[in-house]
Amino acid sequence: MKKFRKVLDGLTTSSPGGTIGSPSGGSAAGTPTATPTPKEIDIQETLVSENFQLCKTVRHGFPYQPTALAFDPVQKILAIGSRTGGVRILGRPGVDCYCQHESGAAVLQLQFLINEGALVTACADDTLHLWNLRQRRPAVLHSLKFNRERITFCHLPFQSKWLYVGTERGNTHIVNIESFILSGYVIMWNKAIELSTKTHPGPVVHLSDSPKDEGKLLIGFESGTIVQWDLRLKKADFRIYYDEAIHSVSWHHEGKQFMCSHSDGSLSMWNLRNTTKPFQVTFPHGKIQKDGRKESCKPILKVEYKTSRNSEPFFIFSGGLSYDKAGRRPTLTIMHGKAITVLEMDYPIVEFMALCETPYNNEVQEPYAVVVLLEKDLIVVDLTQSNFPVFENPYPMDIHESPVTCTAYFADCPPDIIPILYSIGVKHKKTGYSQKEWPVGGGTWTLGSHTYPEIIITGHADGSIKFWDASAITLQMLYKLKTSKAFEKPKPSEGRAADLVEDDPFAIQMVSWCPQSRIFCVVGISAHIILYRFSKYDANTQIVSLEVRLQCEAEDVISPSENENNPCFTESGSHSPQPHHQHAASPGSGTTEGNKDSNPCLKVKDRMVRVPPGYQAELVVQLLWADGEPPQQITSLDINSAYGLLAFGNCNGLAVVDYLQKTILLCMSTLDLYGAADPYQRLTRSPRRNRQSTSEFCMRGLSNLYSDSKKRIRTSYQSLTELSDNQQSIDMDRSKSPTSGYASRRAMLHQLHGVAMYSHDEHHTTAPYCWSERAAATESRENSFSRSRSSSVSSIDRDTKEAITTLQFGESYARKSDTLPTPCLWVGTSLGVVLLIPMSIPTDHEERMEEPVTIGPSGTVLMLKGSVLRISFLDFMGALIQSPYEVWRDLNAHEDPDRMRRRKLVHISPSSSHDTCGEGHLAVVCSEKQAKVFLMPSQSCLFVHNITESSFVLRADVVSVCNSVCLACFCANGHVMTLSLPSLRPLLDVNYLPLADMRIARTFCFTHRGQALYLSSPTEIQRITYSQEMCDNLQEMLGELFTPIETPEAQNRGFLKGFFGGNSHNFDREELFGEAAAGKGSRSLAQHIPGQAGMEGMKVAACGVVGDLARARIALDERGQRLGELEERTALMMTSAETFSKHAHEVMLKCKDKKWYQL
């Protein structure tokens, strides 16, 4: 625990630029300013580095680019492998585990050790891995790397410790699962086929033991050759040479016949009595043409032959459709008796598997469901009903239903918000699902003690918003909101405004949510903002629309002399409130030119509409086209329910909207916000650096302008909406710099924010004011010049866009002379400038609805290095000051409407939290390069810390951890850092995640209680924690994958079946494959690699048996202890009996010779 003493007043009151001293770089903690200390502030910081540890918690969503599927029929858990080397293991809701191969090689095949708590994975780098599932976080116990042969197929018989491995050369090797050592027993391809065969049979595509006799192994080669190999006699029982290539083989449970699927779309049935030709060949989807020939069909990639006691057998296969119809959906066909059911899928089928009642392959299978793994979905079909309905998926597999474009994470939400959102959302759920319970119900999961309400919000490319319940490291969909319903459907014929964003005109860019007031605000890609209120009742409403012209004119020339004459703010009275389309004057210009272009990108519904319960649109604010250019994207947003105000900004300026009175209060360019307090000298452009005049530049072809604008709008979320990784484009965008991964910081920010922004800390080596033809071809007009910053004066080109990067409402002090806090808007820009804008808001409810809100810049300017990212406030106890808010009220409620209309506000004044320290509060401001703590109202910089020199911060937030607060940062070089507050001491710095693409940068977000998340792939959300307490409790919160279950007993085959059905039960694999009989495998062929878990992993692997033994030993000890106590008592009784007998004998001898009367 450490105390920090700092100055409250008596500090210098020079100009804002001189108020802040130059920070010393590379300091280990925040650098204080040495000044007299007439008053002191004591803040006890409780956070230390031991409170922080970074680790992954859980991954949600559909596994990206899946490749393999496996199911344990006894444990009832499902495993899915992916192309990036990931393995997701799923059980009952809450049981969801993610594993990752260190090599990152694609998973080719998965094999469960049924009811053993282990999993074998075969990867594309020809390595086998054995995973232990008896622990909450699975670990690799063994690995076996094949050096000279490529793995193509694996098969592990039930209750066997010997794994059959087929290779590309056609050989079959055998691996001991317990030791992960290769056996000397090998089935060579040239021994499997006849010597007279002149061609290679191809890779092994199938391996399976015969249900009739485990000593017989069926080997399928790609060319169409099938061999049944007698493992005891080491020779082939029969060989089949078929004309068509084989894709899969499936046995009948009696082991007398099997079915093959082929590349020509046919299914062939073979009987072991006569293997010279198939006794049945069918083309399920092949029709006979007029000339009598079968039409060509697509390959049947997999077939499963499953029997049932009370009905006909099931033939389930994928593919096989005819080539005649283009664009047909992928299908799964179920043939049951004479009925053929074709199930069309939305995405290509990767793998499917029938779920059966028994794990034994020689019993009637009784299939009850089919798991179908698609490229972007997972479905389970109910086979017990004739219409084959699908089960309702309990996992959040539809996160990517529309590509995710933004995320928000809220911890410690009001406890009533999750139930009410669920009650509204459950009414809109789909119907028609199977009524049976979800068949994947393995594992155990309990609600831990460290749980609290958490909500994740995702915005999507189609304009939809999803609210998710993220409590207790689970994820369940609560409520879905479609923002596109507020607009008319865009028609391509309506002009370039509709063509511009014809793909995703409603894509969500950012969201702002106040859980207490339930006010919700979204920003869309078409430069539009929608404000929603929550109601439990449906209503008839008409959406109010406001239109803002926030566009800088090309003719504006900004100079220091002009700034002194410009008005500091726009009078609120100049904007009369109108119920519908209202236009605000363009900042910096009073002309009416360009009104022909004053159209928004979207058209709001201008009629009364019936809205269901939930979030209901109340107000839409849209930016307008101007001078043939679309509006710049909105880069910042904040909303305050207590003030009734909404603020947003872009690279042109700032706008403030009163959503209670439906008026525009402020619409100003960024330069006008400074007034006379502009810390930069903005020079006019030299004529020599651009041979093309301004008028010529503006009058160039509209098609070129439109093309550039279209590119500018779409690049901000293009990488987020792509579901396929384009490695070529990633390599082109990747720079040689190891820190950022992009050609320049500006290029990355251009893609991240969708606008051209410039920060004064960016240094360029090229000559100033030079025209670059290459830059003109690739960058937008606003960013086509190279710029330099002199050591004596900051000279910024007038075409440079200073964007509004962050906004924060709160009770603060706009001027140094203020003695009481007032409502303020803190504005952060891309030049590292923080502006304070005071507001005068009527306090009475009736006056608030009628009297105008006055707002205008105060001239207060604070400065940092790099673009400002986050602004927060602390009181003098070091606690986070929450912004004032309005308590939620339902405006559509029927009971006592007068009472519901009264606003109930909650104000948290910075001076009321600690009166003994005087008036004021601390302001924490974080930029891309550094963090500063200011003392208000004196505006003195108390602490400064340079966060990074070689990279820059992407996301920053002030969060509560362990009953205290800290500043959490995520940098472009992948570092996650936390700093103490207010001293800005480094507490955590972990090189966690290299920034591979813009998806991570755009979706990474922090929240309270030491949690964060980001979109790890287009379909998955990865949650992490940086709290040591959360890491310690994580094992308790995770689900158990393995539960002790008795293996079902095999059915009694009967005397006749056992006598005539072969001697499968007498087959001893150890006798054939063990080292004593087969010898050791070739060391050069495969290399054994011990698991990373080491001895700890081995201990955990044996935890099941050891635990049972330990429990048995404890029971024996207890029994022995009780027996020992019984023995001791028995011995005491015997001793007592002997003593009694001795005394009795003595009395008898004493009285022996005496008469009776002498006694």
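**Exercise 1.** In which loop is Pro 937 found?

*Solution.* Keep in mind that you're working with a predicted model. Start by finding the two strands on either side: β56 covers 930-936 and β57 covers 940-946. Pro 937 is in the loop between them. Next, check the bond leading into this proline. The peptide bond from Met 936 to Pro 937 is cis, with omega near 10 degrees. That's worth a second look, since most peptide bonds are trans.

**Exercise 2.** Now try another proline: is the peptide bond from Leu 981 to Pro 982 cis or trans?

*Solution.* Look at omega for this bond: the value is near 5 degrees, and the bond is cis. Then place the residue. Pro 982 sits in a loop, with β60 (975-980) and β61 (986-991) on its two sides.

**Exercise 3.** Work out what is special about phi at Lys 234 and Arg 518.

*Solution.* Begin with the background: most residues other than glycine have a negative phi. Lys 234 isn't a glycine, yet its phi is positive, about 55 degrees. You'll find Lys 234 in the loop between β18 (225-230) and β19 (235-241). Arg 518 isn't a glycine either, and its phi is positive too, at about 60 degrees. Its loop runs between β35 (508-514) and β36 (519-524). One last step for Arg 518: its relative accessible area is 4%, so it counts as buried, the cut-off being under 20%.

**Exercise 4.** Is Thr 405 buried or exposed, and what does its side chain reach?

*Solution.* First locate it: Thr 405 belongs to strand β31, residues 404-411. Next, read the accessibility. Thr 405 is buried because its relative accessibility is 0%. Finally, follow the side chain, which reaches the backbone oxygen of Ile 508 at 2.6 Å.

**Exercise 5.** Which residues form the negative surface patch, and where does Asp 844 lie?

*Solution.* List the members: Asp 844, Glu 846, Glu 847, Glu 850 and Glu 851 make up the patch. Then zoom in on Asp 844, which lies in the loop between β49 (833-840) and α12 (845-850). Its relative accessibility is 37%, so Asp 844 counts as partly exposed.

**Exercise 6.** Do the same for the opposite charge: which residues form the positive surface patch?

*Solution.* Here you need Lys 287, Lys 298, Lys 325 and Arg 328. Pick Lys 298 and find its loop, between β23 (280-282) and β24 (300-306). With a relative accessible area of 30%, Lys 298 is partly exposed.

Notes:
Residues numbered from 1 in each chain as written. Predicted model: local features only at pLDDT ≥ 70, side-chain atom pairs only at ≥ 80, totals over all residues. Heavy atoms only, no water. Patch = residues over 30% accessible without salt bridge, like charges linked within 9 Å, V, L, I, M, F, W, Y side chains within 5 Å. Areas by Shrake-Rupley, 256 points an atom, 1.4 Å probe, with all protein chains shown as cover. Salt bridge = Lys/Arg side-chain N within 4 Å of Asp/Glu carboxyl O. Lys, Arg positive; Asp, Glu negative; His and termini not counted. Charge placed at Lys NZ, Arg CZ, Asp CG, Glu CD. Helix = DSSP H or I, 4+ residues; strand = E, 2+ residues; numbered from the N terminus. Buried < 20%, exposed > 50% of the residue type's maximum accessible area, 1.4 Å probe, protein only. Polar contact = N/O pair within 3.5 Å; in protein donor to acceptor, adjacent residues only side chain to side chain.
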